[in-house]
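Subject: Structure handover

Hello,

Here is the structure we talked about. Please open it beside this message and follow along.

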Amino acid sequence: MQNAVVSTATYVGQAQQIIEQLATSQYRWITTPPSVHDMDASKVLDAMLMNAQRTGGESSERYTACAICACHEIHEQVNLARTWFMYLLWPSGAHQPSDLVSGQVTPTIDDTYGSFVSASPERSSRFRTDVNRRDGYRCVISGVWDGAHKPAGFKQGWVTLQAAHILKRAVGAFTMDRAHTTAATWNIIRHYSGMSEETIQNMERIVDDPSNGMMLQHDIHDIFDKLKVYLEPTERENEYTVKDVGGGPWIHPLDLLGKTITFRNHDSPTRDLPLPNPHFIALHAGISRILHMSGASEIFAQILDKYDGAAGGNIGSLKSNGNPVHQLSSMMSALFIGASLIT
């Protein structure tokens, strides 16, 4: 539903009215696994709409508002929120400990985007080398040196830095029908982020390209992957401010919040290494804010606390064979399909 004559602001206003009405309905809930709080669909729609412009510009805002306006009935609005919840927020926000990740697949937001995207050890090693050289062997947020490349005689603190992926290989690597769900996830990402079709099609190559990475010390890498800390662009090209989603503290020392960082190629002119892609940084930031504003991050934490055996949850309630992360995702998928059939 789009009419070129109707302004984006008009669609946004209409979408906000729909969300306000949905928020008063007793039928606004998205079903989640047993013993987990259900998700308020109105909060999902509201967070998606509020963060659309900052994430992907006016085209993202128009896409989001028009999608909401096309849903005239409450069950249609809940189904739309459920789709975004299941195919965008769940694969992005279901943070899993690394010991649940098999060597064949990487099904969490921590470990790099999609079973659709694989990486050889050689590619992963080259990724770290290139990003480390480009970023001058220092954490881009804290400025701490990578131990193997610290200046001679340097006696202050240093660590072994990690090459963090901005977009993760895990998105799309979930549920029973991976081909279908991967396509659904990337279709949402394409419309919401403003990424080009060419970028999406080349993601298998780009995922381990320096444009999708930055050097971080391990504790900052962890909270960046957990979508608690993100980068907000300034008016200057390749310049960002360090932000968090609130509810912390998440980062130490606290004075790193609000710090301005500028990406540049420290290996120039020896090598022409690309800087981080602004679309990737914007999508990471947008999903971070949406998860927090909608309350989805709390729901995901409840799901994982309840069903993650490594964390003491009742993993026995899932199938006894296979990877528990995929089992959790299959449960979410079955709930999604069942609710769609009922409504």
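A helix axis here is a line fitted to the C-alpha atoms over the stretch in contact, and angles run from 0 to 180 degrees between N-to-C directions. Keep in mind that this is a predicted model.

First, helix 3 and helix 9. Helix 3 covers residues 74–93, and its axis lies 11 Å from that of helix 9. The angle between the two is about 100°. Angles of 65 to 115 degrees count as roughly perpendicular, so helix 3 is roughly perpendicular to helix 9. On the helix 3 side, the contact uses Leu88, Leu89, Ser92 and Gly93. Helix 9 answers with Ile287, Ile290, Leu291 and Ser294. By type, that contact has 5 nonpolar residues, 3 polar and no charged.

Next, helix 1 and helix 2. Helix 1 runs over residues 8–22. Its axis is 7 Å from that of helix 2, at an angle of about 170°. Angles over 145 degrees count as roughly antiparallel, so that label fits helix 1 and helix 2. Their crossing is left-handed. Helix 1 contributes residues including Tyr11, Val12, Ile18, Ile19 and Leu22. From helix 2 come, among them, Leu45, Leu49, Glu58, Glu61, Arg62 and Ile68. This contact divides into 13 nonpolar, 4 polar and 4 charged residues.

Now the whole protein. There are 11 helices and 9 strands. Of the 343 residues, 53% are buried. Among contacts with a separation of 6 or more, 70% join residues 24 or more positions apart.

The largest nonpolar core holds 79 residues. Those with the most contacts inside it are Ile68, Trp84, Ile141, Met214, Leu216 and Leu231. Helix 2, residues 41–69, gives the most to this core, with 13 residues. In general, nonpolar side chains of soluble globular proteins tend to be buried together.

What does Leu216 touch, beyond residues up to four places away in sequence? Its partners are Cys139, Val140, Ile141, Leu161, Gln162, Ala164, His221 and Phe224.

Three single residues deserve a look too.

Asn132 sits in helix 4, residues 121–134. Its relative accessibility is 1%, so Asn132 counts as buried. Setting aside neighbours within four places in sequence, Asn132 is in contact with Tyr137, Arg138, Asp146, His149, Leu161 and Met215. Leu161 is thus listed for Asn132 and for Leu216.

Asp267 lies in the loop between strand 9 and helix 9, which spans 278–294. Is Asp267 buried or partly exposed? Its relative accessibility is 12%, and the cut-off for buried is under 20%, so Asp267 counts as buried. Beyond its neighbours within four places in sequence, Asp267 is in contact with Arg133, Arg134 and Leu273.

Lys259 is in the loop between strand 8 (239–244) and strand 9 (260–262). At 28% relative accessibility, Lys259 counts as partly exposed. Lys259 and Tyr240 are 19 residues apart in sequence. In space, their C-alpha atoms are 8.3 Å apart. Tyr240 is one of the residues that Lys259 touches. The others, not counting residues up to four places away in sequence, are Ile141, Ser142, Gly143, Thr241 and Val242. Ile141 also appears among the core residues with the most contacts.

Best wishes

Note on methods:
Residues numbered from 1 in each chain as written. Predicted model: local features only at pLDDT ≥ 70, side-chain atom pairs only at ≥ 80, totals over all residues. Heavy atoms only, no water. Core = buried A, V, L, I, M, F, W, Y, C linked by side-chain atoms within 4.5 Å. Buried < 20%, exposed > 50% of the residue type's maximum accessible area, 1.4 Å probe, protein only. Helix = DSSP H or I, 4+ residues; strand = E, 2+ residues; numbered from the N terminus. Contact = heavy atoms within 4.5 Å. Parallel < 35°, antiparallel > 145°, perpendicular 65-115°, else oblique. Left-handed = near helix turned anticlockwise from the far one by under 90°. Nonpolar A, V, L, I, M, F, W, Y, C, P; charged D, E, K, R; others polar.
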